[in-house]
Amino acid sequence: MSHAAKIEFVPLTAVPAAGAAKANGKAKGVATLVIFAGEDLNLGKLTGALLGSDGEALVKKAAGAAKFKGKNASALDILAPAGLAADRLLVIGVGASEDVKKAKGKDATKAKPRDFLGLGGYVLGKIGDAPNATIVFDLPHNSQDAAVAAAEFAEGATLRNYKFDLYKTKKKDDESTEPVALAIAVEDPAAAKREAKGRTAVAEGVIIARSLVNEPANILYPEEFAKRAKELEKLGVEVDILDKAAMTKIGMGALLGVGQGSGRESRVVIMRWRGDKGKDGKSKPIAFVGKGVTFDTGGISIKGAAGMEDMKGDMAGAACVVGLMHALASRKAKVDAIGAIGIVENMPGPDAQRPGDIVKSLSGQTIEVINTDAEGRLVLADVLWYVQDKYKPLFMVDLATLTGAVMVALGNEYAGLFSNDDTLSERLTEAGKETGEKLWRLPLGPSYDKLIDSKFADMKNTGGRHGGSITAAQFIQRFVNGTPWAHLDIAGTGMNAPANDINQSWGSGFGVRLLERLVSDYYEGRAHSQKD
């Protein structure tokens, strides 16, 4: 795993100005100095003063040679800049200012603020393996709160910096082993540091989720996963672990059936962060449930060999829930939240369940197993029933890398959203728009529900080829017992999703930022009501 970037906020006055003293003919300063330029090379006032007239002339000359005009997401790299106390000057284009965009547009309300999270990731990518860098956080015509923007920038850089190289024993000759050190120069470092505290907790949660997804299945099997979740107790999270004996006693037949072919015992982990019980101490908690199949062969209905190695990531939903609980506890969110994960390994051993087997779920409902590779919904069935029955939550959101069908429908850009509650669905969708973890709502209905009726049991675990993501969601809905609920099918976004400015990892950590935003925007520090 990569070293975490060392990020600190410093005053703008700490940045060496042009013409700073030199020692032994070499500039005393940083390896890389980063500044920002708008369209037509507009610079912030403080940046201009820092560079001086000679520095500005240098930038314009280099920009002319490189045909750099300051367009958004563009970069100008100047090595050994004359007169500056840096080995390298990196000029980052941020395009037109918000004010310019509003002036040119017909409808000013459609103007969007800058994406400072993405900007932080983009800049970190351009900095590369430089041992240290100073970012002059002085954007031309920026109308947003500078401290908030700088904190978002730092979060983006932290997320971009993540690499999973824990098991590599050799490094490339040009690959640095030292952590990147970033100094973000702002007008009010103390304010930026305060703003960054909560965002750091969220970034840590995303990184935890990514690392869990990236781990190989021989390392991260159900018992080990449960142990890692239990580490949240250090942050004040209550963690209870149900082993095979405990699950057998209460009747979690659906979940246990999935794992019975493996030599690794299954686990259920319940995490609770009691950050807010409400004024009367009786407010309902909110609940998040994750599918945690640490490896999925498909069982007796075995998958093809090609790409099966990716099935180590079939626990991305559970990884998100653990990362979310870390984020909420680390920033001491004022919310009563439950995270529950069902952790199994689906193997075709001698004791594995067979197609045609009938299992009894915790709810008492019986399930005919048509396809042992439709296992995630069996895991969720028992965990969702357990959570709604024991904790009576205000709502439940489950996440699962559940169906290939959702990737056929939505590709890797959106996760599928299914819900029995319009308010919860709308809030999740809005949170996704804010964080860039996008959701698309798909339908539920009685016609789809009929497809999972069984001749021999209360239901079967597949509904045929057509509408596969929908029939999977219909199956899960039979175990929420009327509780407001949303199901997120993250098969296309939880692992092997397209890289972007803030994520270059195979395991994306999708859902942590989305659900943390849902909590902070709608449920934190207030009496829990689904409709308010």
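What is the handedness of the crossing of α10 and α14? The crossing of these two helices is right-handed, where right-handed describes a near helix turned clockwise from the far one by less than a right angle, and left-handed an anticlockwise turn.

This is a predicted model, in which local features need pLDDT of at least 70, side-chain atom pairs count only at pLDDT 80 or more, and totals for chains, interfaces and linings use all residues. Residues are numbered from 1 along each chain as its sequence is written, and side-chain values use heavy atoms, with hydrogens and water left out.

## Helix packing

Two packed helices are described by the angle between their axes and the distance between the axes. Axes are lines fitted to C-alpha atoms, for helices over the stretch in contact, and angles run from 0 to 180 degrees between N-to-C directions. Helices (H or I, at least four residues) and strands (E, at least two) are DSSP runs, numbered from the N terminus.

Helix α10 (residues 376-391) packs with helix α14 (residues 468-477) at an angle of about 25 degrees, the axes being 9 Å apart. The two are therefore roughly parallel to each other; the classes are roughly parallel under 35 degrees, roughly antiparallel over 145, roughly perpendicular from 65 to 115, and oblique for the rest. In the contact (heavy atoms within 4.5 Å), Arg 377, Leu 378, Leu 380, Ala 381 and Leu 384 of α10 meet Ala 472, Phe 475 and Ile 476 of α14. By class, this contact of α10 with α14 has seven nonpolar residues, no polar ones and one charged. Here Ala, Val, Leu, Ile, Met, Phe, Trp, Tyr, Cys and Pro count as nonpolar, Asp, Glu, Lys and Arg as charged, and the others, Gly among them, as polar.

A second pair consists of helix α4 (residues 146-161) and helix α5 (residues 189-214), whose axes come within 8 Å and cross at roughly 25 degrees. That makes α4 roughly parallel to α5. Their crossing is right-handed. Residues of α4 in the contact include Ala 147, Val 148, Glu 152 and Leu 159, and those of α5 include Glu 195, Arg 199, Val 202 and Ile 207. The contact of α4 with α5 divides into 12 nonpolar, one polar and five charged residues.

Helix α12 (residues 422-435) and helix α15 (residues 512-522) pack at about 115 degrees, with their axes 8 Å apart. The crossing of α12 past α15 is right-handed. Among the contact residues are Arg 427, Leu 428, Glu 430 and Glu 434 of α12, together with Arg 513, Leu 514, Arg 517 and Tyr 522 of α15. By class, the residues of the contact of α12 with α15 are six nonpolar, two polar and five charged.

## Salt bridges

A search of the whole structure finds 22 salt bridges. A salt bridge is a side-chain nitrogen of Lys or Arg within 4 Å of a carboxyl oxygen of Asp or Glu. The table gives some of them.

| Acidic residue | Basic residue | Closest N to O |
|---|---|---|
| Asp 77 | Arg 88 | 2.9 Å |
| Glu 265 | Arg 267 | 3.2 Å |
| Asp 296 | Lys 303 | 3.5 Å |

Buried means under 20% relative accessible area, exposed over 50%, and partly exposed in between (1.4 Å probe, protein chains only). Asp 296 is buried at 2%, while Lys 303 is partly exposed at 25%. Salt bridges that share partners also join Glu 152, Glu 195 and Arg 199 into one network. These three residues appear in the contact of α4 with α5 as well.

Asp 77 forms its salt bridge with Arg 88. This pair links distant parts of the chain, with Asp 77 in strand β5 (residues 74-79) and Arg 88 in strand β6 (residues 88-95), 11 residues apart. Asp 77 is partly exposed at 42% relative accessible area, and Arg 88 is buried at 14%. In the remaining pair of the table, Glu 265 is partly exposed at 41%, whereas Arg 267 is buried at 12%.

## Loop residues

Asp 40 is not a glycine but has a positive phi of about 60 degrees. Asp 40 is found in the loop between β4 (32-38) and α1 (45-66), and is exposed, with a relative accessible area of 66%.

Ala 73 also has a positive phi, near 60 degrees. Ala 73 lies in the loop between α1 and β5 and is partly exposed at 48% relative accessibility.

Asn 142 lies in the loop between β7 (132-136) and α4. Asn 142 is partly exposed at 22% relative accessibility. Its C-alpha atom is separated by 8.7 Å from that of Arg 114, 28 residues apart along the chain.
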